Amino acid sequence: MDMGLPHRKQGTGSTHHTAPTPTGHPAVPPQPPQPSAPPDTSAGPRVPGVEAGPPPMPSGAPQGGPPLADWLRLPRPEAAPGVWRCGYEQRPPEDPDRTPARQLVSGALISFLMGWLLWSLLWNGYLGKFWLWPLFAMTPDAVGSGRKFLAYSYYALVAVALIFFFGRIGRWDELARRSLTRLKRRGGPGPGGVVPDGRTEHAPVPPPHLDPAQWPELRAGGAGRAAEVLAGELGAGRMTDVDHARLERAWQTVRARPQRLEAFVESVLAQGAEACAHPSGARDLSVRAARHDLSLRQVRIGRAADSERNPHEYRGAGIALDPSLLGTSALAVGPPGTGKTSRLARPVVESLCLQALAGQAAVIAVSPAGSQFVRDDSFDLVIRVGHSGSTHDLDLYGGTTDPDEAAGMLAEGLVGDLAAALPGGDSRRAATSLAQLIGPFAAVHGRFPTVPELRELLDGGPGALDALREALRAEGQGGQLRELDAFERQSGRAGDIAALLADRIALLDRPAFADFFLPEGSPKAAGRRPFSLRALEHPLRVRVDLPERGHAEASRILARLLLAQFTECAVARGDQSLFACLVLDDAAQTVTPQALRGLQRLRSVHAGVLLTLRALDDVPEPLRGPLLGAVGCRMVCAGVTPWDAERFAEAWGTEWVQTRTVTNRQLVSDEPVTRVLHAVRRLATGKHVTAESVTVRSEQRERWSASDLANELQPEHAVLSVTTVRGERTPPILTKLGE
């Protein structure tokens, strides 16, 4: 399942079909395959399928292309973290002396009325004829039509002078400039980088050596014939954005391993846009619910509000997530119905599934059974725990053969939520007890115990332990025999963990799970291989449905187990070029001290976790602050409680702001004339004559207060902050989800 090495196919032809195009672009009808140009043999012998040097670039790119070509040519400038960059246009710098629009309109209207009044007074002679003296002085002898022409020319000159004078006073030029800018925003991409759905933006066609539709990197790297074929596929509309991203990923692998160049070229010549396909053969998802940019691996989740609460560069911009942000892990908190699943988790899972088809990512999505999540056909494996129709099983031991490692992950799943009450404050004591059982069992049977067998051993049944001891003696396993004796010595003592482990494993030893959790080598598991997270080195798409409705506690155990296995397996990967992500929808009672330590290690191994919670009450009190500190991306949705809002406000900290304090004091004068004027003004206005005193000072204030987060967030809105794997942070951003 190595996406870097192209898959060879016998034969010289390929079957083409119409493929979906990127979201927001119309489909293009299929066209006949474009024949590739014959190889040039004038330069001497060559390796089959590989050019000795890059062939000449085409003379020019077509002026009108299919939607994918136009989409690839859209500008994607550098922007702040979390900004949707496709078609993004940076806002002009903020002007602190900018006149408010209402004041600008009123000033322009007043200046216009004043100019109109002055012109009316001059035209009707109410101010005399002095303004006509220059005309009389220049045309003393003019008569007839010549005099009329000169007179109207003079009137026009005076009117233009009045317009210029009052226009400068009323700042008509700035008002016109703002109005034109607003009209342009309605007609095309504005400062937020918005490209209206259903409309293709025709970006300027760049030179051929810079045109992404012509595959210039392949031409420069010695794969010119492959570039010609792919350019023809793209121009004919037989290539999708997933195909483009997948082939770009394959080419990166070829650049890292030049010996694969020949295989890559042959695969492209034989299969065209279908070359280097995902092992499932899928080239796109059947349904897309979000907007994706696979060239940057971004998925759009909303739009930043054009509000003073947001930083200037984010106002009105699209907000997107990508692996550079998810690599720091993410947490979303909000009550049901606020969009955590439909407008955050689902778009992220959908984007990761598309990236998996492009050979760029591996995704494990965990959610309660029956939740409205991504469709089944978007995944390679769908594991329905406790469902008789499930075709795949789940490995409780994480695919490892090391008893200590398997015991550590299993102990975290079984009793990780009780770490505060356990000896030592974590699950290490429980892991030791489990290792003292499964290690001797594996030494005798060549496999780990099933759930019923492990429960029987933990219960301390004399028959099970005696039989295991006799088998160890018969095989001469002295070291494993000492492990079993140590377990028996601890049994029955104060603080014995075995009884608690037995109670928890009993939750998985239910009739509904009779055919699940069978380890490899078990007699009942013949022909059925359980799935383990050791497969994260491959671009897999896996969804795990937990039996939340009938077995809530068992679901929590499995969720903690999957989180523990993911953090261990992601770190242990030999090839970390794929981005691995675990999306845990409803992560209640899954956050443990060991899980937090694992989250902090994921940033350096190209992996991340997305957690959603209804409230921080689902996390133990001592771990709420460390959880917010361990994740780099935080989101709080509308409707959170003031206690949860206070945690987020504390995590986001304070900032320096300038405050203006205006003080009015009454003016008292001893001079008779001034007192009379003040008295007249008081009679006219009903107020004392006052003088204003303005004080400006800098002070620290919370970026978002707990009251603002709990009471002022509108429905479908959220406040989020993101952090990149390089450490760049953003302030909290008010976002409208789903836009």
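This talk describes selected contacts in a predicted model, from aromatic rings to salt bridges and a group of strands.

Good morning, colleagues. I shall begin with the aromatic residues.

A search of the whole structure finds 14 aromatic pairs. In one of them, Phe112 and Trp116, the ring centres lie 6.1 Å apart and the planes meet at 35°, so this pair is classed as tilted. Both residues belong to helix α2, which spans residues 101-123, and they are four residues apart, about one turn of the helix. Phe112 is partly exposed, with a relative accessible area of 42%, while Trp116 reaches 54% and counts as exposed.

A second pair joins Trp123 to Tyr155. Here the ring centres are 5.2 Å apart and the planes stand at 80°, so the geometry is edge-to-face. Because Trp123 lies in helix α2 and Tyr155 in helix α4 (residues 144-170), the pair ties together parts that are 32 residues apart in sequence. Is each partner buried or exposed? Trp123 is partly exposed at 44% relative accessible area, whereas Tyr155 is buried at 18%. These two residues also belong to one aromatic cluster, together with Trp119, Trp131, Tyr152 and Tyr154.

Let me turn to a patch on the surface. Which residues form this nonpolar patch? They are Tyr126, Leu127, Phe130, Trp133 and Phe136, and together they have about 610 Å² of accessible area. Phe136 is part of helix α3, residues 133-138. Its relative accessible area is 40%, so Phe136 is partly exposed.

Aromatic rings also meet charged side chains in this model. Arg76 lies over the face of Trp71, at 4.8 Å from the ring centre. The charged end of Arg309 sits over the ring of Trp704, 3.9 Å from its centre.

I now come to the salt bridges. Side chains of opposite charge can pair when their charged atoms come close. How many salt bridges does the structure hold? The count is 44, and I have selected three pairs and one network.

The first pair is Glu274 with Arg283, whose side chains meet at 3.6 Å, N to O. Glu274 counts as buried at 17% relative accessibility, and Arg283 is buried as well, with a relative accessible area of 10%.

The next pair is Asp380 with Arg541, in which the closest N and O atoms are 2.6 Å apart. This pair links distant parts of the chain, 161 residues apart: Asp380 is in the loop between β5 (361-368) and β6 (381-384), and Arg541 is in strand β7, residues 541-546. Asp380 is partly exposed, with a relative accessible area of 23%; Arg541, at 2%, is buried.

In the last of the three, the side chains of Asp417 and Arg504 form a salt bridge at 3.1 Å, N to O. Asp417 lies in the loop between α12 (403-415) and α13 (428-445), and Arg504 lies in helix α17 (residues 498-506), so this bridge ties together parts that are 87 residues apart in sequence. Asp417 counts as partly exposed at 25% relative accessibility, while Arg504 is buried with a relative accessible area of 10%.

Beyond these pairs, Arg303, Arg343, Glu716, Lys736 and Glu739 are linked in a network of salt bridges.

My final topic is strand β2 and its neighbours. Why is strand β2, residues 298-304, described as largely enclosed by the rest of the structure? The reason is that six of its seven residues are buried.

Strand β2 has several pairing partners. With strand β1 (residues 292-293), β2 runs antiparallel, and two bridges join them. Asp293 has Gln298 in β2 as its bridge partner. β1 and β2 form a hairpin with four residues between them, and in the turn Arg297 has a positive phi of about 65°.

Strand β3 (residues 318-321) pairs with β2 in the antiparallel sense over four bridges, and Ile319 in β3 is the bridge partner of Gly302. Strand β14 (residues 733-737) also pairs with β2 in the antiparallel sense, over three bridges. In that pairing, Gly302 stands opposite Leu737 of β14.

That concludes the presentation. Thank you for your attention.

Terms used: Residues numbered from 1 in each chain as written. Predicted model: local features only at pLDDT ≥ 70, side-chain atom pairs only at ≥ 80, totals over all residues. Heavy atoms only, no water. Patch = residues over 30% accessible without salt bridge, like charges linked within 9 Å, V, L, I, M, F, W, Y side chains within 5 Å. Areas by Shrake-Rupley, 256 points an atom, 1.4 Å probe, with all protein chains shown as cover. Salt bridge = Lys/Arg side-chain N within 4 Å of Asp/Glu carboxyl O. Buried < 20%, exposed > 50% of the residue type's maximum accessible area, 1.4 Å probe, protein only. Phe/Tyr/Trp six-rings, centres within 6.5 Å; stacked < 30°, edge-to-face > 60°. Lys NZ or Arg CZ within 6 Å of the ring centre and 35° of its normal. Pairing = 2+ DSSP bridges.
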